[in-house]
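Grab a pencil and have the viewer open: here are some exercises, each with its solution worked out in steps. Try each task yourself before reading on.

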Amino acid sequence: FKYILSVQPFYPVYQADFSEGKKEAKQGWLIIPEGLYKIGHEGDSFCFDNEESRHQVYLAPFSISKNLVTNGDWLEFMNSGGYAHFEHWHAEGWDWVQHNKVNAPAYWHKVDNEWMQFTLSGLRRLKPDEPVVHISYYEAFAYAEWKGKRLPTEQEWEVASKQFEWGQRWEWTNSAYLPYPGFSKPAGAVGEYNGKFMVNQMVLRGASIATSPGHSRDTYRNFFHPNLRWQFTGLRLASD
């Protein structure tokens, strides 16, 4: 007898009513004037050493979106051929797209000609109003290029963050993960962490729906390699 096994996708449910995002009420752009601003952790509350020390930065005038890029926005990017046009991408990002045959955010699946999303509540229809999630830095950069905008720097994000809602997604910035002025790698096991990771990674700001409350603060500096997508990552746009 010959048995033919049919392998079916498996989409387990973590929690049936778990919500991974919501539509944002605020729309439009914030205009941040030129000036000197202070960033970095302040006070005696818990922080990581990479958030210190508080220091002054100069920022040219810029605008930053009050809202995150949504799934609906991302579908427009995809339908316009965003993953097929090399001019939107860093050379390394374009190599990544081609090598991995990437054509959508992680956990998106086309079922009966309709985009579905695998979430912690299982496989469901894509919700256009929710912030896009599980994208790489390469994808975030390409989307911004396609829109004629850019990603904010981490300094811009921190200065502007008091004027918009954040916390649904870790937000890619256009800043490499580098030490703040005065940073020194401590001796011992602690020095094996932040100091050694400050290479070939990009900074994300904010928090996500899966972030511990103790790690949700506007000075927190998350960091990942630009190709990674498993984290709850999204983006907002900026412009000069």
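**Exercise 1. How do H1 and H3 lie relative to each other?**

Step 1: H1 and H3 come out roughly perpendicular to each other, because angles of 65 to 115 degrees get that label (under 35 is roughly parallel, over 145 roughly antiparallel, the rest oblique).

Step 2: Look at the numbers behind this. Helix H1 covers residues 71–79 and helix H3 residues 137–147; they pack at about 75°, and their axes are 11 Å apart. The axes are lines fitted to C-alpha atoms, for helices over the stretch in contact, with angles from 0 to 180 degrees between N-to-C directions. Helices (H or I, at least four residues) and strands (E, at least two) are DSSP runs, numbered from the N terminus.

Step 3: Find the residues that meet. H1 brings Asp73, Trp74, Glu76 and Phe77, while H3 brings Glu139, Ala140, Ala142, Tyr143 and Trp146. Contact here means heavy atoms within 4.5 Å.

Step 4: Sort them by class: six are nonpolar, none polar and three charged. Ala, Val, Leu, Ile, Met, Phe, Trp, Tyr, Cys and Pro count as nonpolar, Asp, Glu, Lys and Arg as charged, and the others, Gly among them, as polar.

A word on the source: this is a predicted model, where local features need pLDDT of at least 70 and side-chain atom pairs count only at pLDDT 80 or more, while totals for chains, interfaces and linings use all residues. Residues are numbered from 1 along each chain as its sequence is written, and side-chain values use heavy atoms, with hydrogens and water left out.

**Exercise 2. Which residues line the largest pocket?**

Step 1: Know what to look for. On a 1 Å grid over the protein atoms alone, a pocket is an open set of points where a 1.4 Å probe fits, with protein on both sides within 12 Å along at least five of seven lines; lining residues have an atom within 4 Å of a point.

Step 2: List the lining: Gln27, Trp29, Ser65, Asn67, Leu68, Val69, Asp73, Glu76, Tyr143, Lys147, Lys149 and Leu237. H1 and H3 each supply at least two of these residues.

Step 3: Split the lining by class, and you get five nonpolar, three polar and four charged residues.

Step 4: Add the space, about 170 Å³. That volume is what probe spheres set on the points fill, with grid points joined across faces, edges and corners.

**Exercise 3. In what order do the strands of the three-strand open sheet come?**

Step 1: The order is S5-S6-S7, with antiparallel pairing. Two strands pair if DSSP finds at least two bridges between them.

Step 2: Pick out the edges: strand S5 (108–111) and S7 each pair on one side only.

Step 3: Check the pairs. S5 and S6 share four bridges, with tryptophan 108 partnered by glutamine 117 in S6. Strand S6 (residues 114–119) is also joined to strand S7 (residues 122–125) by four bridges, and here threonine 119 has glycine 122 as its partner.

Step 4: Follow the connections. Two residues make the hairpin link from S6 to S7. In the loop between S5 and S6 sits asparagine 113, whose phi is near 65°, a positive value in a residue other than glycine.

Step 5: See what covers the strands: H1 lies across S5 and S6, at about 70° to S5.

**Exercise 4. Why do S10 and S11 each have one side without a neighbour in their sheet?**

Step 1: Set out the open sheet of four strands, in the order S10-S9-S8-S11 with mixed pairing.

Step 2: Strand S10 (222–224) and strand S11 (233–234) are at the edges and have a single partner strand each, so one side of each lacks a neighbour.

Step 3: Now look at strand S8 (residues 170–176) and strand S9 (residues 202–206), an antiparallel pair with four bridges. Glutamate 171 stands opposite arginine 205 in S9.

Step 4: Bring back H3: this helix packs on the sheet, touching S8 and S9, and its direction makes about 85° with that of S8.
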